[in-house]
Amino acid sequence: MDKDVIVIALGGNAILTEDPSAQGQQKTLAKSVKYLVDLIQQGYRLVITHGNGPQIGNLLLQHIASDSKTNPAFPLDSLVAMTEGCIGYWIQNLLQNEIHQHNLNTNVVSLITQVVVDEKDSAFKNPTKPIGPFIMEKQAKEKMKNSTDIYKEDAGRGWRKVVSSPKAIRIKEIYSIKALLNQDQVVIAVGGGGIPVVEDKQSNFYGVEAVIDKDQASEKLAEQLKAKKFIILTEVDYVYLNFNQPNQRKLEQITTEQAKQFIDEGQFAAGSMLPKIEAAIEFVENNPEGEAAITSLENLGKLLNKQAGTIIKKNKNFIS
């Protein structure tokens, strides 16, 4: 199983574009899943993860707006579960329909996934994970005056609410995911980074107020599965140096050491490309036989044929 497992982390643009309605997001996903069927046809065992930043932000705002004694707002871990279930259902339904159109004999399963984090993680004292819609700086500062919410500027695209984002330690349902893969199922898991839970001394698990970074949690999943490839899909075809500058340069194949050097040079924005690069490095260093890649959804097929995308490996022997 291990050698032909691919973990694909869907970027937000695969779900949400101009239309934030349920119908609009499903319409975008219907186009997105078409790119995944090729991988199933090629015989890969597929695990799909996805983000939920805009969705959970909007849901959180809805709960806050309607909060009352008779209609209390839910905690953040429950909201993560809601968005994971909702988006997972959309992908499951649309991908299964697409598979049926190609007469393929496989099923799609969406698994609500708990991800274990450390309750002493320093992230709980320093919220950094952006969720919800982008707003103007003036709006953000006004909101911070009237609440305990924290807003930060996000990669030049506007201001967003930020929450705690502890590191994923392990995927609690990893054995269930492996069992489903062994049954030749396509698995959707770790949606929105998974539901953050902590373990007590009696080995009981409890949800906590946080959102785990989708790419970091997806890496942990790929690592535990010993996946052959870990592919992070985003809005750009390649990772670039000096992004959006006159001297912009695309990266096609880099080592983890080179990637670390670029991080030290400040090449990657903290709110966008940096967590993707860090996840790719972590996967490759913990799974030296594996390969990480970053590209756009539209170039997924080209990536597998070495015609597009940025590939990150442990050393310079780019053979596979």
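A crossing of two helices is left-handed if the near helix is turned anticlockwise from the far one by less than a right angle, and right-handed if clockwise. The exercises below concern a predicted model, in which local features need pLDDT of at least 70, side-chain atom pairs count only at pLDDT 80 or more, and totals for chains, interfaces and linings use all residues. Residues are numbered from 1 along each chain as its sequence is written, and side-chain values use heavy atoms, with hydrogens and water left out.

**Exercise 1. The pair H3 and H4**

Task: Describe how helix H3 and helix H4 pack, and state which residues meet.

Solution.
Step 1. Helices (H or I, at least four residues) and strands (E, at least two) are DSSP runs, numbered from the N terminus. H3 covers residues 53–65 and H4 covers residues 76–101.
Step 2. The two helices pack at an angle of about 130°, and their axes are 10 Å apart. Axes are lines fitted to C-alpha atoms, for helices over the stretch in contact, with angles from 0 to 180 degrees between N-to-C directions.
Step 3. H3 and H4 are therefore oblique to each other; angles under 35 degrees count as roughly parallel, over 145 as roughly antiparallel, 65 to 115 as roughly perpendicular and the rest as oblique. Their crossing is right-handed.
Step 4. From H3, Gln55, Ile56, Leu59, Leu60 and His63 meet Leu76, Leu79, Val80, Met82, Thr83 and Ile87 of H4, where contact means heavy atoms within 4.5 Å.
Step 5. These contact residues comprise 8 nonpolar, 3 polar and no charged. Ala, Val, Leu, Ile, Met, Phe, Trp, Tyr, Cys and Pro count as nonpolar, Asp, Glu, Lys and Arg as charged, and the others, Gly among them, as polar.

**Exercise 2. H4 and its other partners**

Task: Determine the span of H4, the conformation just after H4, and how H2 and the strands S10 and S11 are placed against H4.

Solution.
Step 1. With 26 residues, H4 reaches 38 Å from its first C-alpha to its last, close to the 38 Å expected at 1.5 Å a residue (1.5 Å times one less than the number of residues).
Step 2. Asn103, just after H4, takes a positive phi of about 55°.
Step 3. The axes of H2 (residues 34–41) and H4 come within 10 Å and cross at roughly 55°, which makes H2 oblique to H4. This crossing of H2 and H4 is right-handed.
Step 4. Lys34, Leu36, Val37 and Ile40 of H2 meet Leu95, Glu98 and Ile99 of H4; by class there are 5 nonpolar, no polar and 2 charged residues.
Step 5. H4 also lies across S10 and S11, running at about 135° to S10.

**Exercise 3. The two open sheets**

Task: Give the strand order of each open sheet and identify the edge strands.

Solution.
Step 1. The sheet of 3 strands has the order S5-S7-S6 with antiparallel pairing; two strands pair if DSSP finds at least two bridges between them.
Step 2. S5 (129–135) and S6 (150–153) stand at the edges, each with a single partner strand, so one side of each lacks a neighbour in the sheet. Neighbouring strands of this sheet are turned by 40° against each other on average, direction ignored.
Step 3. S6 is joined to S7 (residues 159–163) by 4 bridges, and the two run antiparallel. Tyr151 stands opposite Lys161 in S7.
Step 4. H3 packs on this sheet, touching S5 and S7, and its direction makes about 75° with that of S5.
Step 5. The sheet of 4 strands has the order S8-S4-S10-S11 with mixed pairing. Its edges are S8 (170–171) and S11 (205–207), each with a single partner strand, so one side of each is left without a neighbour in the sheet.
Step 6. S4 (residues 114–116) and S10 (residues 195–199) run parallel, joined by 3 bridges. The bridge partner of Gln114 in S10 is Ile195.
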